[in-house]
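Trainee: I've got a new model open on my screen and I'd like to learn how to read it. Can we go through some features together?

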Amino acid sequence: MKNYINKSAEQGFKIGRQSFSRGIFLAPMEGVTDQAFRLICRNMGADLAYTEFIASEALVRNVEKSKSKMLFYEEERPVAIQIFGGNPDVVAESAKMAEDAGADIVDFNCGCWVKKVVGHNAGAALLKDPDLMVEITEKAARSISIPFTVKTRLGWDADSINIIDIAPRLANAGAQALTIHCRTRSMGMTGAADWSWIPKIKEVVNVPVIINGDVTSCESAERAFIETGCDAVMIGRAAIGNPFIFAQIKKYMNTGILPDEPSPRERIETCIEHLHLSLDSKGNIRGLKEFRKHYSGYLKGMFNSSSVRQKLVVAENPVEIEAMLLEFADYISDLEESLIPVLEFA
Ligand SMILES: Cc1cc2nc3c(=O)[nH]c(=O)nc-3n(C[C@H](O)[C@H](O)[C@H](O)COP(=O)(O)O)c2cc1C
């Protein structure tokens, strides 16, 4: 890679005892970054993978479904468990529960924009109450002996961008890294992420800053490091159905050569591996049901994939599903082979 604004990113950085060099992280995503997907992404080169967000209120009430989101494979380490909430005592108690569950890092969500969360004065709502955000951070960071980190946005809306004021306060309160989703709450998930805030944040804090929003490819990851001096990039939507992106970015950063896209067979084999992990971690019934959303991502762009997808999403036997996927991989390979002579003469 070329010149960095921030040489420290090249030299690496630490969150607590965990060392990273130019981190490539998997974003926390509700309904996506479960144990199975995190392990797939870690094996593909993601340096850190976050759990789905977990309601602190539910954790302290011992809700089983919420507690199960803290489960992880040992091979995933380091593990970052993300929690959300608006009550300092409850967040602190749930942070301790996450530590006791084996987390290496506890991340605090101050960026979720959905009404269900914001309506409970949690997630991005805390951007409207920076004092509370700081109080929670201070209390929770003090309640655990592992790093407490914060993921947030630029501000509530374009007229109230307050990240430059909040970031140093969070760092002083004990946040050991900050992830900035470079949108405001009112943008939700639309519009372009504004990375120009990252260098300004880097100037006012001395903890690692992780950029998030619109890192979708090798080139955009490179651009994020060069243009902003961020310590790490965090990838969300671009990893769905495409965990290969981590290996691709790693390869590109090490060699400067844009890697080939994975073949349809590689995609399908990874889909099968992911399915197996989903069954292993959640049991056959839940594992299969919750995996259904992933077929379309893995099969995206493949000729005639909609017909097999329609069968996959209703199939209930894992052995048959695997057979269907492998048969489709053969079909695509045969198709490609039959097209080679045509393409050579085109
Ligand atoms: C399906 C989905 C679920 C998400 N769930 C969470 C979550 O649990 N916690 C969180 O901090 N952000 C969550 N996000 C936001 C992402 O972590 C990330 O900030 C956002 O997608 C922007 O990054 P991207 O442009 O790389 O996708 C979610 C996003 C998506 C698409």
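**Reading the model, feature by feature**

Mentor: Let's start with a loop residue: asparagine 121 has 14 other C-beta atoms within 10 Å, so it counts as partly exposed. Keep in mind that this is a predicted model.

Trainee: Where is asparagine 121 found, and what is its phi?

Mentor: Asparagine 121 sits in the loop between α6 (115-118) and α7. Its phi is near 55°, a positive value in a residue other than glycine. Asparagine 304 is another non-glycine with a positive phi, about 65°. That one lies in the loop between α14 (295-299) and α15 (305-312).

Trainee: Is asparagine 304 buried or exposed?

Mentor: Exposed, because asparagine 304 has 12 other C-beta atoms within 10 Å, and the cut-off for exposed is 12 or fewer.

Trainee: While we're on backbone angles, which peptide bond is cis?

Mentor: Look at the one from arginine 77 to proline 78: it is cis, with omega near 5°. Proline 78 is placed in the loop between α4 (64-68) and β6 (79-84).

Trainee: Now helices. How do I check the length of α7?

Mentor: Count 1.5 Å a residue. The 14 residues of helix α7 (residues 130-143) should then span 20 Å, and the end C-alpha atoms are 20 Å apart, so the two agree.

Trainee: And which residues of α7 are buried?

Mentor: First the general idea: an α-helix has 3.6 residues a turn, so residues three or four places apart point the same way. In α7 the buried residues are Met133, Val134, Ile136, Thr137, Lys139, Ala140 and Ala141. Their cover includes helices α5 (88-100) and α8 (163-173), along with strands β7 (105-110), β8 (148-153) and β9 (175-181).

Trainee: What about strands? Which way do the residues of β3 point?

Mentor: In strand β3 (residues 23-26), Gly23 and Phe25 point one way, Ile24 and Leu26 the other, and all are buried. For its partners, look at the bridges. β3 pairs in the parallel sense with strand β11 (residues 232-235) over four bridges, and isoleucine 24 stands opposite valine 233 there. β3 also pairs in the parallel sense with strand β4 (residues 48-50), over two bridges, with leucine 26 opposite alanine 49. From β3 to β4 the chain crosses through helix α2 (residues 35-43), and this β-α-β crossover is right-handed.

Trainee: How does β10 fit in with β9 and β11?

Mentor: β9 and β10 run parallel, joined by four bridges, and histidine 181 stands opposite asparagine 212 in β10. β10 and β11 pair in the parallel sense over three bridges, where isoleucine 211 has valine 233 as its bridge partner. The chain gets from β10 to β11 through helix α10 (residues 218-228), in a right-handed β-α-β crossover.

Trainee: How do I spot a long-range contact, say for serine 278?

Mentor: Compare sequence with space. Serine 278 and alanine 36 are 242 residues apart in sequence and 5.2 Å apart in space, C-alpha to C-alpha. Serine 278 lies in helix α12 (residues 264-282) and counts as buried because it has 25 C-beta neighbours inside 10 Å. Leaving out residues up to four places away in sequence, serine 278 touches Ala36, Gly287, Glu290 and Phe291.

Trainee: Last one: which residues come nearest to the ligand?

Mentor: Of the 22 residues around the ligand, those are Ala27, Met29, Phe53, Gly236 and Arg237. By type, the shell divides into nine nonpolar, eight polar and five charged residues.

Definitions and conventions. Residues numbered from 1 in each chain as written. Predicted model: local features only at pLDDT ≥ 70, side-chain atom pairs only at ≥ 80, totals over all residues. Expected span 1.5 Å × (residues − 1). Buried ≥ 20, exposed ≤ 12 C-beta atoms within 10 Å, placed from the backbone. Contact = placed C-beta atoms within 7 Å. Near = placed C-beta within 6 Å. Nonpolar A, V, L, I, M, F, W, Y, C, P; charged D, E, K, R; others polar. Pairing = 2+ DSSP bridges. Right-handed = clockwise from strand over helix to strand, strands pointing away.
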